[in-house]
Amino acid sequence: MAGHVLVTGGAGYIGSHTCLALLEAGYRVTVVDNLSNSSAEAVERVAGLAPPGAAIELVVADLLDEEALARVLAGAPVEAVIHFAGLKAVGESVTEPLLYWHNNVGGSLALFRAMAGAGVHRLVFSSSATVYGSPEAVPVPETAPLGPTNPYGRTKLAVEEILRDLSASDPGLGVALLRYFNPAGAHPSGRIGEDPQGTPNNLTPFVMQVAVGRRPEISVYGDDYPTPDGTGVRDYVHVMDLAEGHVAALRRLEAGPGCLTLNLGTGRGYSVLEVIASASRACGRPLPYSVVGRRPGDVAEVVADPGLAAEVLGWRARRSLDEMCADHWRWQEANPEGYRG
Ligand code: UD1
């Protein structure tokens, strides 16, 4: 056994795929999740995909319940935490900033206090390329200026800052801050995947809901950006590549303490129209779209410089956009209503 990992938000999209990668790497996993935007079924399915004898359990609890966290940590010999749990809808964060600061920062503080109380010294935090705001230049290295443009992004940056302070105060701590670019795709089995509640805000889940007939057409937010086809360019990264990036970060922390800040992306950008074309190939029919106005707050191009993660972790995203769309479509076609279907 490689060790015991507590995964907050492990029933969610990136969390569930990471749990599977951890189990495949020989770790035992305890998931803590309040199921506010996720499903116990995801954890059941991860258990079903995992190698025989793999150990995963779900504790339904909220991170703001510090006593519940302390009980979980007292009851299991946890060596590391991977912290995904949090609210993540940009628009909602603008209308409900207190909710976001309370949950994302308050929940993280409760977790870090419980970890300190239990003597857990390793943490991987789910951060986001959103901390860069509108990048001055692409590809974006980790040293680029930080300036998130909405409350959600500011809560991600605040938790990063808390962890940098904690790391500076305790040389025994091992912290990895992983800044994801645009997660997409699903496990190739089609058993687990992204299951957004309500109307998806992000491009790939929206495109897949059009593909499966839940929505009539895609709205393309602007075709007058200074990009090759005029639509926004992003660095889409397969969720299984991201999951493997977490395992690599954990292994790196096992080798020694310190604070790592790393981009997880591919270094290759694709436009909205290229994503629609790839998704159309995946589902076997041209997906309808129309161009509408720009979405406020959007930028032309965000692409990672993934060089540091390759150097420090030996990790590189391996899967293509076509694989992301094929795998996402397999999940969507088999589960048109997500886990509730
Ligand atoms: C968004 C968030 C970011 C968050 C990330 C999580 C904003 C401003 N940013 O990033 O904080 O970390 O999601 O994955 O919300 N698009 C369409 N039609 C759609 C949806 C999107 O054309 O229905 C376009 C967008 O204009 C953009 C691209 O598709 O060019 C990707 O959009 P999206 O998936 O929302 O991701 P980001 O905007 O990169």
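Which element gives the most to the shell around the ligand? Let me hold that for a moment and say at the outset that what we have on the screen is a predicted model.

I will begin with the fold, where an open sheet of 7 strands, paired in parallel, follows the order β3-β2-β1-β4-β5-β6-β11. The edge strands, each pairing on one side only, are β3 (56–60) and β11 (258–264), and from one strand to the next the twist averages 20 degrees. Within that sheet, strand β4 (residues 80–83) runs parallel to strand β5 (residues 122–128) and is joined to it by 3 bridges, with I82 having V124 of β5 as its bridge partner.

Two helices deserve a mention here. Helix α3 (residues 66–75) packs on the sheet and touches β1 (3–8), β2 (27–33) and β3, its direction making about 165 degrees with that of β2, while helix α6 (residues 151–169) lies across β5, β6 (174–180) and β11 and runs at about 155 degrees to β5.

Now to the ligand, which has 18 residues around it, N202, S219, R234, R295 and D298 coming nearest. Looking at side-chain N or O atoms, one in N202 is 2.8 Å from an oxygen atom of the ligand, one in R234 is 2.6 Å from a ligand oxygen, and for D298 the distance to a ligand oxygen is 2.6 Å. The ligand taken alone exposes 730 Å², of which the protein buries 87%.

As for my opening question, β7 (182–184) and β8 (218–221) are the elements that give two or more residues to the shell, and β8 gives the most, with 3 residues. By class, that shell holds 8 nonpolar, 7 polar and 3 charged residues.

Technical notes:
Residues numbered from 1 in each chain as written. Predicted model: local features only at pLDDT ≥ 70, side-chain atom pairs only at ≥ 80, totals over all residues. Heavy atoms only, no water. Near = heavy atom within 4 Å. Polar contact = N/O pair within 3.5 Å; in protein donor to acceptor, adjacent residues only side chain to side chain. Areas by Shrake-Rupley, 256 points an atom, 1.4 Å probe, with all protein chains shown as cover. Helix = DSSP H or I, 4+ residues; strand = E, 2+ residues; numbered from the N terminus. Nonpolar A, V, L, I, M, F, W, Y, C, P; charged D, E, K, R; others polar. Pairing = 2+ DSSP bridges. Axes fitted to C-alpha atoms, helices over the stretch in contact; angles between N-to-C directions. Contact = heavy atoms within 4.5 Å.
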